[in-house]
Amino acid sequence: MSTDTETQAGSAPVPLADSHELIKVQGARENNLKDISLEIPKRRLTAFTGVSGSGKSSLVFSTIAAESQRMINETYSTFVQGFMPSLARPDVDVLEGLTTAIIVDQERMGANARSTVGTVTDANAMLRVLFSRLGTPYIGPAVAFSFNIPTRKASGVITDAKGEKTIVREAVYHGGMCPECEGRGTVSDLDLDAIVDRDKSLLDGAILVPGYTADGWMVATFTESGFVDPNKPLKDYTKQELDDLLHKEPVKIKAKGINVTYEGLIPKIRKSMFSKDPDSLQPHIRAFVERAAVFATCPACDGTRLNEGARSSRIKGLNIAEVCAMQITDLADWIRELDAPSVAPLKANLLHLFDSFVEIGLGYLSLERPSGTLSGGEAQRVKMIRHLGSSLTDVTYVFDEPTIGLHPHDIQRMNRLLLRLRDKGNTVLVVEHKPEAIAVADHVVDLGPGAGTAGGTICFEGTVEGLRGSGTLTGRHLDDRAKLKEKPRKGKGKLEIRGATEHNLKDVDVDIPLGALVVVTGVAGSGKSSLIHGSVAGGEGVVAIDQSGIKGSRRSNPATYTGLLEPIRKAFAKANGVKPALFSANSEGACPECKGAGVIYTELGFMDTVSTPCEDCEGKGFQAAVLEYTFGGRNISEVLGMSVSAAEEFFSAGQTKIPAAHAILKRLADVGLGYLALGQPLTTLSGGERQRLKLASQMGEKGDVYILDEPTSGLHLADVEQLLALLDRLVESGKSVIVIEHHQAVMAHADWIIDLGPGAGHDGGRIVFEGTPAELVASRAGLTGRHLAEYVGA
């Protein structure tokens, strides 16, 4: 007979419903997890630690959160499921005690030109209602203030429900969109000098667009069209010839004996390159688009996105565009001063939202800020705002390094927010590296001991104090404190910045020493990125490695992304007397059955897509004939299965020496990715691994000044030392390195520190301190000085 209670020795009966206090995981094998089992306490804050690539994300996101979401999706009707992304069941034996998982990750918000901080948080929707009620003159309902809805006019006959006809001369459907820029705030044009070289003829390579080589098929349609002279420099073209080359409407012609459509170069590249999301383009095409596209503020709306009608309605002298341009801290004060009982509930909701922005450290933002320009950390905190006021309890919140991009001062505030979510009765799971964030956890799960195939096991479970004495890599480094550099480099020359005013910078003058490691610090929003990316990046000889994510499909891997596969393919081809294309799983060498993917994907309609290893190639992705060809006793599949460290040794000497490949592999090893397999899909890499892969690939570019934007993101405490050694090697090789960073270990290791602040937004934008780390600690200038002094124990 079943009972709804269970009795514990010496205690009162416990209701059975209250006994499910744990999330139980048994036999998890997702990615590199090695059949692990563990129990996670509910309604507690659990931190998951370990080196980058140890399996934290595989356990938390790909196993626990993924299964929770998959099971929730299954509760919908099959019709609704048909419109939802299909989620495969994680590779795990048993998952018990799951609750609804809400994932708050670092994925950047879409780079949609119409998406702003105000639209993604619904602040704009509430402000539109406010202006439709209180704005004078009255111009219409809330949609009249929306820059995503155009004003439309219609005329004709309307028939009502009774069948009676009414002749309407003109009906106006209000919208707030600026008709000139269609609500984007900018108008785009193309820089003709970036597209063609007027001093050359078509046959000499006048077209500078990627893929349009002088002897290629794309240019042949122009040279054989009869509309232009392919041997004459473009500067000598008549007006008609130039118009036919650049703007001619589509027309049928014969080129190389084949009927093709001839179209002017400008409309052709607009369709093929400029109409797409820049982030989805290949790097070299994206670079061309960014070079050729010229964006200017819309002259009709002055960048506000709104038409004249929407800008004419005001409350207390301000229109909705001016309100959205205010810093959120100022906007909150403006809303508080509104005396309007008719919109009291709306005012209360707006104030709650703006107070959440301030509480989470984003009070320096404005609602007009495009969401695609937010950093990963800012995007994650904007997503958090949606959940702070939520009335949901007993759910599982999953965070991916919520302290990323935060100054030590702001980390304490983030910790309080995480604890507040826990205290409402929720389970909070946090993947984290920062000791200050790990310290507030109720429970810690440490994965490792290494990364990739050397990780995937549970090294420790218990309290933070237990972790300290556990002897694991994380435990040993938890209380690490970097020492101040005893003899900072003096630098060789300086880079002068004068009168910097971008964003919140207040006419900043500063000298950046060259030939040294310079660290730029300050609270989030103080103006660090505005100063460095606005005044230094883009200059000649400057290589900027920012936080933007890297794009990669399941066919992309470290070998293809870094260009490593190119010299390897050529070496295989030369050794075997065949074409290099045979050694690409995306080209002629691909297995015909799985098209080089290594797996067969079976679409089952509204059910999950099932992937099974390809039986023809046994998951290798290559034709059997290709695998007969070897180089140094290894076939191409075996080479792609090697780790970076093993491949570095393989290609370093003897008959298998390939200097070009070895140089790339050495850079990958230098950034701590020695454990990665060359053929591992990019989609399986963690955030920290992707950042360092980008760093390794761009370190190969020729430049004198390197700009790194928070390179410690996703790095374990033990890996920070390796990064500092890499930065030192860059400087010693004659480079100048400028690092935007919050990590105190990097600050302590700097030769020179430039601290901005004192606050964020319009409270920042000034130089608070410039000098050596020792001088900053001695002066305790600003928030950075106090926290660095505390860190080094001064």
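These legends go with close-up views of a predicted model.

**View 1. Five domains share the chain.** Start with the overall layout before zooming in. The domain assignment lists domain 1 (18-108 + 374-477), domain 2 (117-181 + 302-360), domain 3 (186-297), domain 4 (480-550 + 700-793) and domain 5 (553-684). Look at domain 4 and domain 5: their centres, taken over C-alpha atoms, are 38 Å apart. Five residues of domain 4 and seven residues of domain 5 make up the contact.

**View 2. The second largest pocket lies between domain 1 and domain 4.** This pocket holds about 500 Å³ of space. Its lining has 27 residues, and the closest to the centre are P435, D480, R481, Q744 and Y791. Helices feature here: helix 15 (408-423), helix 16 (435-438), helix 17 (464-468), helix 26 (717-732), helix 27 (744-749) and helix 29 (782-792) each give two or more residues to the lining. By class, the lining residues are 13 nonpolar, six polar and eight charged. Why is the pocket said to lie between domain 1 and domain 4? Because both of these domains give residues to its lining.

**View 3. The largest cavity has a volume of about 160 Å³.** The structure holds five cavities of 30 Å³ or more. For the largest cavity, 14 residues form the lining, and N124, F147, T304, C324 and E368 are the closest to its centre. Helix 4 (123-134) and helix 11 (320-324) are the elements that give two or more residues to this lining. Which of them gives the largest share? That is helix 11, with three residues. Seven of the lining residues are nonpolar, four are polar and three are charged.

**View 4. The second largest cavity draws on domain 1 and domain 4.** At least three lining residues come from each of these two domains. The space inside is about 120 Å³. Find E401, K434, T712, S713 and H743, the closest to the centre among the 16 residues that line this cavity. The lining is made of four nonpolar, eight polar and four charged residues.

**View 5. Helix 7 and helix 8 pack together.** Helix 7 covers residues 239-247 and helix 8 covers residues 265-274. Their axes are 4 Å apart and meet at an angle of about 15 degrees. That angle makes helix 7 roughly parallel to helix 8, because angles under 35 degrees count as roughly parallel. In the contact, L245, L246 and H247 of helix 7 meet L265, I266 and P267 of helix 8. Five of the contact residues are nonpolar, one is polar and none is charged.

**View 6. Here are some backbone details in the loops.** Most peptide bonds are trans, and most residues other than glycine have a negative phi. Now compare some spots in this model. The peptide bond joining T136 and P137 is cis, with omega about -5 degrees. You can find P137 in the loop between helix 4 and strand 8 (152-159). From G448 to P449 the peptide bond is also cis, and its omega is near 0 degrees. P449 sits in the loop between strand 16 (443-448) and strand 17 (457-462). Is the phi of D507 positive or negative? The phi of D507 is positive, near 50 degrees, and this residue is not a glycine. D507 is placed in the loop between strand 18 (494-500) and strand 19 (508-513).

How values were computed. Residues are numbered from 1 along each chain as its sequence is written. This is a predicted model: local features need pLDDT of at least 70, side-chain atom pairs count only at pLDDT 80 or more; totals for chains, interfaces and linings use all residues. Side-chain values use heavy atoms; hydrogens and water are left out. On a 1 Å grid over the protein atoms alone, a cavity is a set of points where a 1.4 Å probe fits but cannot get out, and a pocket is an open set with protein on both sides within 12 Å along at least five of seven lines; lining residues have an atom within 4 Å of a point. Grid points are joined across faces, edges and corners, and a volume is the space filled by probe spheres set on the points. Ala, Val, Leu, Ile, Met, Phe, Trp, Tyr, Cys and Pro count as nonpolar, Asp, Glu, Lys and Arg as charged, and the others, Gly among them, as polar. Domain bounds come from an automatic or database domain assignment. Axes are lines fitted to C-alpha atoms, for helices over the stretch in contact, and angles run from 0 to 180 degrees between N-to-C directions. Angles under 35 degrees count as roughly parallel, over 145 as roughly antiparallel, 65 to 115 as roughly perpendicular and the rest as oblique. Contact means heavy atoms within 4.5 Å.
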